[in-house]
Amino acid sequence: MCDVAKVQKIAHCLGVAPGKVQLNEEQVVTRTSGQNKSVAGFSTILESLANESKSETAQNSKVSREVEAQVYQWIEFSVLYVAPGSRDRNVAKQLLGDLNKLFASKSYLVGHFITLADLAVYYAIYDLVKSLSPVEKEAYLNLSRWFDHLQNRPDVHQGEPLLNFTTIYLHGWATGTHI
Amino acid sequence: MIIYTNEGNPLGLQLLMLAKFAKRSVQLVNLNLNDAKFKDFLILPTLELDNGLRLFSPAAIAKYLFVDEGQLRDEWLEWSTMLLAPALAHHMAVGHRADPNALPVLNALVKKLDDCLKATPYLAGDKLSAADIAVWSLLAPDGTLKGAQNLESLHGWYNRVKALPEVQQVLAEQPLKDLSFNALQQSNRYGGLHHVPLKRLSLADAGKLLAETASTVADTVTDEELAAAGASFTYTAPKDVQEQRTVLPKAGERNVLITSALPYVNNVPHLGNIIGCVLSADIFARYSRCAGYNTLLICGTDEYGTATENKALAENMTPREICDKYFELHNSIYRWFGIGFDYFGRTTTQEQTDIVQEAFKDVHSAGYIITESVEQLLCQKCDRFLADRFVEGTCPHPGCGYADARGDQCDKCGKLVNATELIRPRCKVCNTAPILRSSDQLFIDLPKAEPRLREWVDKAENGWTHNAKVITRAWLREGLKPRCITRDLKWGIPVPHSGFEKKVFYVWFDAPFGYVSMTKRYTKEYQKWWQPAKGTDVELFQFMAKDNVPFHSVVWPSVLLAINKGHTLVSHIMATEYLNYEDGKFSKSRGIGVFGNDAQATGIPADVWRFYLASARPEGQDSSFSWNDLAARNNSELLNNLGNFVNRALVFCEKNFNSIVPEVVATEEELILLALVNRELRGYINSLEKAKLRDGIRHLLAISRHGNGYMQTQQPWVLLKGNDEQKKRAATIIGLCANIACLLANLLFPYMPSTARTLFAQLNAKQTPLNAEKPLATLLLPAGHKIGKPAPLFAKLEQSFIDELKTKYGGSQETKASVQSQSSTADLEQAVQAQADKVRQLKTSTKDKTVWQPEVSKLLDLKKQLEEAKKTAVAAPASAPAPSNGGQSVQDLEKAVQAQGEKVRNLKGSTKDKTVWQPEVNVLLDLKKQLEAAQKAAKAAAAAPAATTAAPPAASADAGQVKALEDKLAQQAEKVRTLKAKGDASVWKPEVDILLALKNQLAALTGAPAAGGQGKGKKKK
């Protein structure tokens, strides 16, 4: 998913009009909203969206300076490491393992509620999770739980078909034909 | 607060500065992420706040410590982490991660900073902010701005920030020289910032702002290196070496025998084959000759075997004629690529027959031949045993049942098939059923040779590439089995054994002896190479793709060990992985990829191809050919780096010193450059000694990069306008650069021979042998040497040109098919090509414009015609087949269904775009429905003939309606056709739906007791 699409999805999640989202001459995502106010940079745009939004997710993301800082670092993480790392087999494995470990003791990335950090990492890792086989999904059980929980929220899936996290995967394999 | 970081991490500096400006006290802890103790750290540096919270993003920390400094500050903060830091990491990377594309990006980013600082004193306005700290701390380590020019505002800001007391205090604790961007590799487990893609900025070229190399490299040069560089930089007059007419190995000297896997004669080699075998072998051989070793490079075409017989049948020629035809093709392709074989032969020679037959007799008398009976299919009509590929039949695998499975493999289920297990086998030539007949075959007893082979492999495999070792070990682990070495064919070397006169040797028994027989064609004293006398060492280097490894590492050595006559065995197996084409496979049948003859047709010089293929050589892992990469390497490495350096050096010499190389009075600057050049030179020699051609290129380019950086920092063009002292400095600089250019010409020769020759001509110098024992740069052009006329060596490859080539060889079948269908366009294309060749030839042979100008105009004219013809060709053929008319007979419908099915299959095979094939699938489904209805009707008619008599009135009653529907249908079909020709799917899709609905109506009408059904039904009975 490209940055422009991610910004638009997240804007929908927050119930904010995305405005005009495009890449500037530096290939950096920019957003021009209402009064011709322009913001450049993925993380900075997400912050501006949160400031305009009244949604619960947005409020959760700025309850304290500490939370704000953590949310910011995960958004940055999603851009610098998750999205590019998904394209390399070894890095992807490391990422999935690290996140899986993290979710062993947490339900959300920051604090105890859904924040922008979850959304940013969710949309960044979506393609990678989609490419996993059932066995692999089971290997990253905590990550899968977090992902499945998020994707079931209507504001997150936004009408896209849900990824399959059922653990009864054998029926899909044994089709009865000779392989 | 505590800062956890790793040694040398430049982002640690940023945190230290932020803390200092925020007036917080911090403690710095260095740690290593590989240590299991620290497995909870994801990214370094990490800041631990006093309340225990850990943050790993410098930007998040900056925002936390300096709460609100405005949106502009936030944007710059993000810019520094997302754009500047990755670009710096790419730029500073060394070794295989070095990225030549980073510099232009970085120049653009630096330009943006400079522009911003022209307007305001600090990045986010009038006051210093966290953004300034972030950006400054990234630019300071590795000396990014050292040697930069035209960045006055940025320099001013940089110095202002540096002078701040807080910064000075931090720098006292954390000296800049301890920091390096390479430390980012160890800052996380995700490969540092290496995977963050470099943004391709669409900004106009920012020009040259930063110096070409990271200047800190110079600080690492030791005094010993400087001394060695100075001592060796002297002039020795070159010795005239008489080139031998015939190269033979000599005792006490290094003798290198090089072979390239024999290309199979009727395959047109593609770029993967070329870099895998012949080109790699040639580059290595050229290096080996430069290094003064006795070198022999042998290759040829492999001509015997089933595939040739097959091809001969297909083209209605004799196998010999086929071989002659394709041998010429191979020869011309390799010649164009500048492959300098000492001998390029073929396996269909008398020498080959003699050597193979003698080898067989030796193996036989040594007791390594066993006879076994093998069941084979015999075609009685053709009177011959059928090779696997000559049999077809029904696939024996349960659940498949494909009717046209080949004797070796089923195309449908992809499984291997034993020809004897095919159900209902048939001869591919005459279609009669072959019978199973047992026939005696000869086997080589590999298990008997295995112990000696293992002993030899243990010693020899050190010199092999990793994949060769792995493949060989895998074979040995499974244990060797006897291998059949005879075949019931006609095209091959007859077996000299009683009872086997009608059989020939299997190609894999005879082909490796081709190396020997071709050497025999080269010299009568071939045995000096292949069975060297005691005291003479011959090293055998064999280049191949990995699929050929077992035959060179197991089968052939076993045969030679069995013969036991002191044959030269391979000491270095140089196996490459596969080269892909733009992330897919090369495919001749689908027209995907660049084949040997295509490379020539592109008009890109052979040397550029050689350079690119060598630098994309699949060493260690598969690599991909990509047009964009080709253009990028040509433009950034050949043109901007190498070509630019050499040309600047020579032009300076010509313009300012009257083409006379000035004297080099080396100061420390020169010695540092020479020491750096020597490092790369050693790397180059070490790489090429091991035939690591890719690394060799890297070192070569690094030398010219050092040269460019040196020239950029020394600025001889400024010195030339100064006083006498400065003019002397300029002379030294130019003298040294000219010498390095000459060194580069020598190093370039193995890769780009004709470019190197051009460069030697421009230098008015001769090639000097490389000293592999002592790889140090020497004075090649003494003071007073007169150089020739400099001229640019390389030309830019424009993106539009590359895009054109990309579509041309992308294998889109439709365009190719439509061109073929229009014979006129095909003819025109041929004419254009012929004319283009003519022009090229003329241009190379003469510089007189008046001679070639008329031909060029002719060419342009032809091209214009061709373009027009193509346009009409695309517009003319309707993309959909004429929709079937109503009231069809079952047979017609069956045919239509089959044709449509074929079309859908093709479409699905060629594209994944559902929108393309979906409409065709719909048509197919519709046709099938019609067919079913028609069949039902036919059956009904046949089953109840009495009913049919009653039917006609009903049918005729409908006839008017049917007619009307048919007319309507034809109109709609015409409409769809014209719409489709225009393209836009959203426009014609609804019309197609209408058409389908009409067809359904018609089918419903005619599918009932239709008149047509009756006749068919009878026929079927």
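Colleague: When are two residues in contact?
Modeller: The test uses C-beta atoms, placed from the backbone. Two residues are in contact if these atoms lie within 7 Å.

Colleague: In chain A, what share of the contacts between residues at least 6 apart in sequence join residues at least 24 apart?
Modeller: This is a predicted model, so the share is computed from predicted positions. Take the contacts in chain A between residues at least 6 apart in sequence. Those joining residues at least 24 apart make up 61%.

Colleague: What pattern does chain A follow along the sequence?
Modeller: Chain A has 10 helices and 3 strands. Read along the sequence, the pattern is α-β-β-β-α-α-α-α-α-α-α-α-α.

Colleague: How are α4(A) and α5(A) set to each other?
Modeller: Helix α4 covers residues 65–85 of chain A, and helix α5 covers residues 89–102. Their axes come within 8 Å and cross at roughly 120 degrees. That angle lies outside the 65 to 115 range for roughly perpendicular and is not over 145, so α4(A) and α5(A) are oblique.

Colleague: Which residues of α5(A) make the contact with α4(A)?
Modeller: The residues of this contact divide into 5 nonpolar, 1 polar and no charged. From α4(A) come Tyr81(A), Val82(A) and Gly85(A). From α5(A) come Val91(A), Ala92(A) and Leu95(A).

Colleague: Which element gives the most to the side of chain B that touches chain A?
Modeller: The contact takes 28 residues from chain A and 32 residues from chain B. On the chain B side, α2 (58–65) and α3 (71–92) each give two or more residues. With 8 residues, the element that gives the most is α3(B).

Colleague: How many residues of that side of chain B are nonpolar?
Modeller: The side of chain B that touches chain A has 7 polar and 7 charged residues. The nonpolar residues number 18.

Colleague: Which helix gives the most to the largest nonpolar core?
Modeller: The largest nonpolar core has 171 residues. Ala649(B), Ala738(B), Ala741(B) and Leu744(B) have the most contacts inside it. The helix that gives the most, with 15 residues, is α26 (residues 724–748) of chain B.

Colleague: Which residues does Leu744(B) contact, leaving aside its neighbours within four places in sequence?
Modeller: Leu744(B) is among the residues with the most contacts inside the largest core. Its partners are Leu642(B), Val646(B), Leu700(B), Ile703(B) and Ser704(B).

Colleague: How many residues does the second, separate core have?
Modeller: This core includes Val28(A) and Phe77(A). It also includes Ile133(B) and Ala183(B). Its residues number 119.

Conventions
Residues numbered from 1 in each chain as written. Chains lettered and ligands numbered in written order. Predicted model: local features only at pLDDT ≥ 70, side-chain atom pairs only at ≥ 80, totals over all residues. Helix = DSSP H or I, 4+ residues; strand = E, 2+ residues; numbered from the N terminus. Nonpolar A, V, L, I, M, F, W, Y, C, P; charged D, E, K, R; others polar. Axes fitted to C-alpha atoms, helices over the stretch in contact; angles between N-to-C directions. Parallel < 35°, antiparallel > 145°, perpendicular 65-115°, else oblique. Core = buried A, V, L, I, M, F, W, Y, C linked by C-beta atoms within 7 Å. Buried ≥ 20, exposed ≤ 12 C-beta atoms within 10 Å, placed from the backbone.
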